[in-house]
Amino acid sequence: MATEKRRDDGNASGIAQVLLADLGLAVRALWLYRYLHERRRSPLTRLQREMVATVVNGLIGGAP
């Protein structure tokens with residue numbers, strides 16, 4: 001994605017590689033992320049957002 005930072009070796013992170021392969025999916029994923037996490041009246045509590053982030057990080061093999 002446009003705001004995705006590259007690692008020192010020049011490669012994008014795992015989630016960016018998946019999303020950039022299908023730009024339609026990337027647009028929908030970004031919309032969903034913003035809807036759940038960034039809007040003022042998010043339907044998720046802060047704890048729920050942290051739980052989602054933890055599960056997703058584990059699924060994509062992110063750092064602990």
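This report walks through the fold, the helices, an aromatic pair and a surface patch of one chain.

## The overall picture

What you see here is a predicted model. Its secondary structure amounts to three helices and zero strands, and the pattern along the sequence is α-α-α.

How much of the chain is buried? Buried residues account for 9% of its 64 residues. The exposed surface comes to about 5600 Å², with carbon and sulfur atoms supplying 58% of it.

## Helix α2 and its aromatic pair

Let us start with helix α2, which covers residues 23-38. This helix has 16 residues, and from its first C-alpha to its last it reaches 21 Å, close to the 22 Å expected at 1.5 Å a residue. At the start of α2, Asp22 places a side-chain oxygen within 3.1 Å of the backbone nitrogen of Gly24.

The chain has one aromatic pair. Trp31 and Tyr35 form this pair, which is stacked, with 5.3 Å centre to centre and 10° between the planes. Both residues sit in helix α2, four residues apart, or about one turn of the helix. An α-helix has 3.6 residues a turn, so residues three or four places apart point the same way.

Are these two aromatic residues buried or exposed? Trp31 has a relative accessibility of 56%, so it counts as exposed, because the cut-off for exposed is over 50%. Tyr35, at 32%, is partly exposed.

## Helix α3 and what follows

Helix α3 takes in residues 46-59. Its 14 residues should span 20 Å at 1.5 Å a residue, and its end C-alpha atoms are indeed 20 Å apart, so the two values agree.

Beyond the helix, two residues are worth a look. Ile60 lies in the segment after α3 and is partly exposed, with a relative accessible area of 48%. Gly61, which also follows α3, has a positive phi, near 75°.

## A nonpolar patch on the surface

Which residues make the nonpolar surface patch? Ile15, Val18, Leu25, Val52, Val55, Val56, Leu59 and Ile60 make it together, and the patch measures about 690 Å². The elements that give two or more residues to this patch are α1 (14-20) and α3.

Helix α3 provides the largest share, four residues. Ile60, the residue met above in the segment after α3, is also one of the patch members.

Note on methods
Residues are numbered from 1 along each chain as its sequence is written. This is a predicted model: local features need pLDDT of at least 70, side-chain atom pairs count only at pLDDT 80 or more; totals for chains, interfaces and linings use all residues. Side-chain values use heavy atoms; hydrogens and water are left out. Buried means under 20% relative accessible area, exposed over 50%, partly exposed in between (1.4 Å probe, protein chains only). Accessible areas come from the Shrake-Rupley method with a 1.4 Å probe; for residues, only the protein chains shown count as cover. The expected span of a helix is 1.5 Å times one less than its number of residues. Rings of Phe, Tyr and Trp (its six-membered ring) pair if their centres lie within 6.5 Å; planes under 30 degrees apart count as stacked, over 60 as edge-to-face and the rest as tilted. A polar contact is a pair of N or O atoms within 3.5 Å; within protein, one must be able to donate a hydrogen and the other to accept it, and residues adjacent in sequence count only if both atoms are side-chain atoms. Patches are made of residues with over 30% relative accessible area and no salt bridge: like charges are joined within 9 Å, nonpolar side chains (Val, Leu, Ile, Met, Phe, Trp, Tyr) within 5 Å. A salt bridge is a side-chain nitrogen of Lys or Arg within 4 Å of a carboxyl oxygen of Asp or Glu.
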